[in-house]
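Here is a friendly walk through a protein model for anyone meeting it for the first time. Have a look at the picture, then read on.

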Amino acid sequence: MGFMTKLSNLAQQVLNTLEPDLEKQEKWLEHNELYSCSESAEMLSFREVIEQAKEEGQKIFVAGDYDCDGIMATTIMVDGLRKFGCTVGFYIPDRIKEGYGLNTATIEQAYQKGYTILVTVDNGVKAQDALDLAASYGMTTIVTDHHTIEHEIDCDILIHPNYLEEQFSTLCGAGIAFECVRSLGTDNSYHLLLAAIASVGDVMPVIKQTRRIIQQGIQLLNEKREMHISPFIKDSKVNEVTLSFQVVPKINAVGRLCNMANVNNVVRYLLSEDPVEVSKLHKQIEEINDRRKKISDQMCNYAMNMVHPEDKVILIQSPGFHEGIIGLVAGKICATYDKPVIVGAQNVDGYKLSMRSPKGFHCMDFLGDFEEFSAIGGHEQAAGFSIDLEAFGRFVQYVKTKSANYSWKKQEESSILIDPSMICIEDIESLDALRPFGPAFKLPMFKMEHPKIKTYYDFQNHKHRRYTLDSGLTCMYFNQPLLNVKLSVNKIQAFEGQVQISEYQGRRQPNFMIEKINYE
């Protein structure tokens, strides 16, 4: 237990909360090497097919997805296969025009261009029609995916956490792609870094191989500047929060605003070794992300004015909404009102909708009895779906009726009482020994009761607020709900949030990042 003595009171309190069993605490402080490569039958088959493809000069087509995980998975798989000596092409679909997953039109084009092997990454378990078409053309079909398998998949090889060893059970799409490339022996530290970013972006449980990938990926970024990823980062010291806020949204932005940019160019950016091209594409990605933020803010403001706070499930839609942004807007409204939220964008074919919910409310269960979705996918706290124009009225009625009788209990998150005197740079840095935090090892909220507020001021038109306490501690509330602006500061009972070190012009200071304010 040598490590344990180095923990500050704050870090020890966090560890005691997350792992009450003292004998198991030390394992959370370990930094281990990656588990050795999978020796599952599926991975051995993958290796054989790729070796044969290389010998026979067969062309391999990698079919990806437009979110951070899908983009990283595509990059890892394409680069790993090319380094192995294979001829490889790739394609990620347009989020708006083509939607999620592999479609038959893409297979048609790949076949016409002479591709004989199909490899999906971060998708495929729901693409049976496309897989059947590929098989009918004599293509070898390899599905690598981590999404829930709802029906048996007919393909030549399926590489999925369900069919790999237990230590790989929490891998995301890029994590699976990384293991495939490791099995070929062409993996490198860059692939590991991309898999780490994707694991954080896809909010995977931070245990087993995923924990090791994230730990090592973050270590790489802290040791050495990387030409594709480091330019996105402002912090001098990187952790999983840095990746979550400063890297992942920028990678995702291009897929969201597919009417303004081509998501396949992000893969080209990540694959490029030309500093001039990398610099040029980096600038474009930053510009697209700035536009994404602007559109998101405009949509949020507009949507907030449409909310009926008394609704048990908030449902709003507008033909002016951008369907690549509706999930972000639903998330913000859900955080503001602590209620399930559905936001829809209307187009010529019908409606694309996105749902977000507080912990304890199951989106897919709530939507389960409506039978007219043209497409649906999701999990407990998030869902995305499409509805035809003529069915939308019936869906609105369904939401009203179902929400009136639907019972659910909000899952309260554990919190740790904290005094402003405990928030110093040394104590915050000591939390690094426990990182990464995330699902299955989630950093609890810190709660500061009856904060003694000296001053406060709003900026960016009341969007953000900064409180300064009598102790000198700064407490920041970014994207504060408009409701809070009108409430009296004297009625504040507690701040809930996280601790963080901020850097400005080379100066570091401890901050309390407010996520929620409790009023009397």
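## Strands side by side

Let's start with a strand pair in this predicted model. Strand β12, residues 445–449, lines up antiparallel with strand β16, residues 492–504, and four bridges link the two. If you want a spot to look for, find K447: it sits opposite E496 in β16.

Strand β16 has another partner too. It runs antiparallel to strand β17 (residues 507–519), with twelve bridges joining the two. Along that pairing, F495 faces I517 in β17, and A494 stands opposite N518 in β17. The strands β16 and β17 form a hairpin with two residues between them, and there Q505 takes a positive phi near 50°.

Which way does β15 run relative to β17, parallel or antiparallel? Strand β15 (residues 474–477) runs parallel to β17, and three bridges join them. One pair to look for here is M476 with its bridge partner in β17, M513.

## The chain as a whole

Now zoom out. The protein chain contains 16 helices and 17 strands. Its C-alpha trace spans about 75 × 60 × 45 Å along the principal axes. How does the radius of gyration fit with a compact globule? A compact globule of 520 residues would come out near 24 Å, and the protein chain has 24 Å, so the two agree.

As for what is tucked away, 52% of the 520 residues count as buried. To count as buried here, a residue needs a relative accessible area under 20%.

## Three stretches with names

UniProt supplies some labels, from an unreviewed entry. It lists "domain: DDH" for residues 59–184. Over residues 59–184 the chain is 37% helix and 20% strand, with the end C-alpha atoms 17 Å apart. The same kind of record places "domain: DHHA1" (unreviewed entry) at residues 312–400. Residues 312–400 are 29% helix and 35% strand, and their end C-alpha atoms lie 8 Å apart.

Then there is "domain: RecJ OB", also from an unreviewed entry, which UniProt lists at residues 418–515. This span is 10% helix and 45% strand, and 15 Å separates its end C-alpha atoms.

## A pocket of space sealed inside

Is there empty room within the fold, and how would you find out? Rolling a probe the size of a water molecule over the atoms shows where empty space is left. Here the count comes to one cavity of 30 Å³ or more. The largest cavity holds about 40 Å³ of space.

Which residues line the largest cavity? They are A63, G64, Y91, P93, G101, L102, N103 and T106. Sorted by class, this lining has four nonpolar residues, four polar ones and no charged ones.

## A buried histidine

H191 belongs to helix α7, which covers residues 189–201. Is H191 buried or exposed? H191 has a relative accessible area of 0%, so it counts as buried. There is also a long-range neighbour to look for: H191 and T75 are 116 residues apart along the chain, yet 8.2 Å separates their C-alpha atoms.

## Backbone oddities

Some spots in the backbone are worth a second look. Most residues other than glycine have a negative phi, and most peptide bonds are trans. With that in mind, look at the peptide bond from R435 to P436: it is cis, with omega near 10°. You'll find P436 in the loop between α15 (425–430) and β12.

D338 isn't a glycine, but it has a positive phi of about 55°. It sits in the loop between α12 (326–337) and β7 (341–346). Its relative accessibility is 33%, so D338 counts as partly exposed.

N461 is another non-glycine with a positive phi, again about 55°. Where does N461 sit? Look in the loop between β13 (453–459) and β14 (464–469). N461 has a relative accessible area of 71%, so it is exposed.

Terms used
Residues numbered from 1 in each chain as written. Predicted model: local features only at pLDDT ≥ 70, side-chain atom pairs only at ≥ 80, totals over all residues. Heavy atoms only, no water. 1 Å grid on protein atoms, 1.4 Å probe; cavity = no way out; pocket = protein on both sides within 12 Å on 5 of 7 lines; lining within 4 Å. Points joined across faces, edges and corners; volume = space filled by probe spheres on them. Nonpolar A, V, L, I, M, F, W, Y, C, P; charged D, E, K, R; others polar. Pairing = 2+ DSSP bridges. UniProt positions renumbered as here; feature names shortened; annotations may be inferred. Rg over C-alpha atoms; globule rule 2.2 N^0.38 Å. Buried < 20%, exposed > 50% of the residue type's maximum accessible area, 1.4 Å probe, protein only.
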